[in-house]
Amino acid sequence: MSVTTRVKGVLGMARRPRTALVRIASPLTRRAAERNRLADELAVPRDELDAGVVSVLLTVRQDHLHVAQDRVDRLRRAFPEGATEIVVSPYLVPERAPLVRWRAPALVGARWVAPTLAPTWDAAYTRGIPVLGGVTALVVDAAMEIEPAVVRGLLTAHAERGGVVQAVVQSKDDVVVSAGAVRHRADDAVESLFRGFPLEDVLLATDVRVSAADQPVFAVATAELRPAPRTRHEATAVAAVTGRVAGGTTFVAAGRLNRVGKVQRGVESPDDAEAMSFLVADGRAARVLESAGLVVDPALPLRADDGATTVGGGRIDPRFEVVEGLPRLRWSIKIAASAGPLGDTWGDVYFADDLADELRALGQRVVVDRRHSHRRPVSEGLDDVSLVIRGLGAPEPRPDTTSLLWVISHPDQVTADEMAPYDRVFAASSAWAAATAGRTEIPVEPLLQATDPARFHPGEPDPQLTSDVLFVGSTRGEFRPLVRGAVAAGADLALYGGGWADHVDPRYVRGPFLPNDRLSAAYRSARVVLNDHWADMAAGGFISNRLFDAVASGARVVSDSVDGISELFGDSVVQIGADADLTEALDPTWPWPTDAERHARAAAVAAEHSFAHRARTLLEAAVAVRGR
């Protein structure tokens with residue numbers, strides 16, 4: 001090292017004394033952590049284990065310490081009182097300067113294994129084994145946004161199968177991180193099964209046996225736990241620990257389980273090849289993939305050099321009966337909703353799920369990609385058809401797939417350049433479709449929104465959901481004009497959705513969210529249901545999905561005015577401005593159709609505007625395009 005370099009280093013440390021202290025103390029802290037590791041590896045597990053207790057070992061990396069209490073709270077909600085013990089074992093971030101001083105904060109419902117940070121995940125895990133007192137152990141890392149349903153699903157699967165059960169892990173974009181570790185061919189490295197695939201593919205697998213777990217979220221008998229090999233690669237440590245457990249390893253998709261933060265690539269790092277040598281190529285990878293309806297070439301690795309999967313998706317799966325000779329295609333429905341729990345309340349999600357179910361009923365294989373998984377570099381090459389449900393934004397279509405665009409909202413954002421690459425373009429407005437086709441010379445076909453008659457239909461009111469004037473939806477960042485008008489008219493409102501407490505008397509707010517499976521009952525239990533549209537949708541003749549659902553439920557609806565509503569829904573919908581003012585429409589004396597008349601209209605909507613009809617139209621369009 002030159003004198004100049006030394007001088008610059010000293011001056012830099014003088015300018016940043018805190019950073020300098022961390023750099024000086026870092027090697028000392030890591031050496032201390034390594035000394036503690038040896039004692040942890042020699043510790044003896046408990047002789048007697050409590051059959052009535054599940055021991056949870058929660059490992060927490062240094063940069064996730066701030067969520068330790070949150071993860072403990074999530075885990076506690078999965079168990080009855082007294083049925084679990086939670087111990088927390090923290091560890092350092094590899095290749096990052098450790099904390100010079102760290103004091104373990106008090107945890108509610110859990111205890112720290114030790115007041116110091118272990119050097120790596122494997123060391124934190126090994127340190128926690130001797131203190132586990134339950135017959136069954138659940139090992140979870142704080143990087144997992146664990147939910148009680150996943151915990152219960154893991155433990156149920158373990159009770160039924162034994163061995164090791166790993167939960168299927170997804171990344172923050174909802175694409176699968178891993179369903180477990182496998183070695184496909186003798187010369188291949190151990191890798192994560194289903195990595196880069198949508199969860200729908202994993203859910204189709206009937207064979208769930210893998211060689212080992214490779215994500216720190218698994219259930220196992222506590223007596224089977226052994227110290228992990230020393231490695232800086234978390235997946236290697238998990239696989240080495242679980243791959244030798246009697247009873248083998250299986251996976252379970254018990255619900256969404258997103259992993260936060262960066263995920264290390266692969267399972268087997270070059271330095272750990274010897275530790276992974278016991279995991280042999282035994283055909284498990286092919287059996288699992290083929291049980292999910294995929295085709296595996298035994299002569300090829302599971303991934304090409306560019307990272308894309310080499311498996312195919314064209315084999316006819318007997319669980320998907322081809323209807324009336326129509327071909328079975330793989331569809332990707334792409335929507336604008338956010339990934340993870342944040343997007344679960346978007347209407348696009350229910351819309352896509354209902355359409356997917358009807359396409360599956362026609363023999364199709366369907367996955368739904370939310371905004372952050374519109375591009376799946378590993379598995380998107382499997383898709384035959386890409387259907388974009390155009391809401392807030394849309395991806396560029398792939399040139400090697402049949403591409404369909406269905407504009408259902410925000411038409412002002414849709415340009416000719418966006419539509420041009422698609423094989424077929426549909427719009428949920430006859431007027432907008434005709435006007436846009438004339439303006440751009442791109443054929444645009446009308447395809448209105450739809451409802452699911454199995455869920456939205458007339459029936460008895462629900463006493464728990466009875467209301468006078470009902471509105472379901474968030475504020476969308478504003479005091480929505482129709483709701484504001486209802487408040488001014490003195491309506492007795494029942495509001496479900498986020499943000500309303502900032503605009504109305506809190507007594508009107510029933511809750512931040514109403515589950516979709518209770519919507520129909522809420523609609524038919526209200527005297528009047530309110531409905532509104534985005535301004536560009538109303539101007540373009542785009543009739544909202546809520547109207548189809550509410551009228552199909554037999555509801556009385558008051559809506560802002562949009563061309564085409566009267567022709568579709570008759571007197572079941574009163575339009576403000578066109579039919580009456582808001583005060584008149586909300587008056588209990590307004591002459592609504594009789595129950596029999598509204599139920600007849602509901603039956604007509606179900607017969608003509610179901611997702612089954614829309615699925616058939618889209619499938620026929622895709623077949624026609626592919627026929628060309």
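**Cavities, rings and strands, with reasons**

Modeller: About 100 Å³ of space lies in the largest cavity of this predicted model. The count comes to three cavities of 30 Å³ or more.

Colleague: What makes an empty space a cavity or a pocket?

Modeller: A 1.4 Å probe fits in a cavity but cannot get out, whereas a pocket is an open set of points. The lining of the largest cavity includes Glu191, Ser192, Leu193, Phe194, Arg195 and Phe197, along with Leu289 and Val378. Its lining residues divide into seven nonpolar, two polar and three charged.

Colleague: Which residues line the second largest cavity, and how do they divide by class?

Modeller: That cavity holds about 50 Å³ of space. Among its lining residues are Lys334, His374, Arg375, Glu380 and Asp383. By class there are one nonpolar, four polar and five charged residues. Strand E13 (330-334) and strand E15 (385-390) each supply at least two of the lining residues.

Colleague: How much space lies in the largest pocket?

Modeller: The largest pocket has about 1,100 Å³. Of its 39 lining residues, the closest to the centre are Thr345, Trp346, Gly347, Asp348 and Arg546. Helices H9 (347-361), H13 (519-525) and H15 (545-552) each supply at least two residues of that lining, and H9 gives the most, with five. The pocket lining divides into 17 nonpolar, 14 polar and eight charged residues.

Colleague: Let's turn to the rings. Why is the pair of Trp121 and Tyr125 called stacked?

Modeller: A search of the whole structure finds ten aromatic pairs. For Trp121 and Tyr125, the ring centres are 5.3 Å apart and the planes stand at 10°. Rings pair if their centres lie within 6.5 Å, and planes under 30 degrees apart count as stacked. Both values meet these limits, so the pair is stacked.

Colleague: How are Trp121 and Tyr125 placed in helix H4?

Modeller: They are four residues apart in H4 (residues 121-128), so about one helical turn separates them.

Colleague: Is Trp121 buried or exposed, and how do you know?

Modeller: Buried means under 20% relative accessible area. Trp121 has 4%, so it counts as buried. Tyr125, at 0% relative accessibility, is buried too.

Colleague: Which residues form one aromatic cluster?

Modeller: Phe194, Phe197 and Phe251 do. Phe194 and Phe197 also help to line the largest cavity.

Colleague: How do you know that Arg476 lies over the face of Trp534?

Modeller: CZ of Arg must be within 6 Å of the ring centre and within 35 degrees of the ring normal. Arg476 is at 3.9 Å from the ring centre of Trp534, so the distance condition is met, and Arg476 is assigned to the face of that ring.

Colleague: On to the strands. What makes E3 and E10 edge strands?

Modeller: The open sheet has eight strands in the order E3-E2-E1-E4-E11-E5-E12-E10, with mixed pairing. E3 (111-112) and E10 (209-210) each have a single partner strand, so one side of each is left without a neighbour in the sheet.

Colleague: How do you know that E4 and E11 pair?

Modeller: Two strands pair if there are at least two bridges between them. Five bridges join E4 (residues 134-141) to E11 (residues 217-221), so they pair, and they run antiparallel. One of the links involves Thr136, whose bridge partner in E11 is Ala221.

Methods
Residues numbered from 1 in each chain as written. Predicted model: local features only at pLDDT ≥ 70, side-chain atom pairs only at ≥ 80, totals over all residues. Heavy atoms only, no water. 1 Å grid on protein atoms, 1.4 Å probe; cavity = no way out; pocket = protein on both sides within 12 Å on 5 of 7 lines; lining within 4 Å. Points joined across faces, edges and corners; volume = space filled by probe spheres on them. Nonpolar A, V, L, I, M, F, W, Y, C, P; charged D, E, K, R; others polar. Phe/Tyr/Trp six-rings, centres within 6.5 Å; stacked < 30°, edge-to-face > 60°. Buried < 20%, exposed > 50% of the residue type's maximum accessible area, 1.4 Å probe, protein only.
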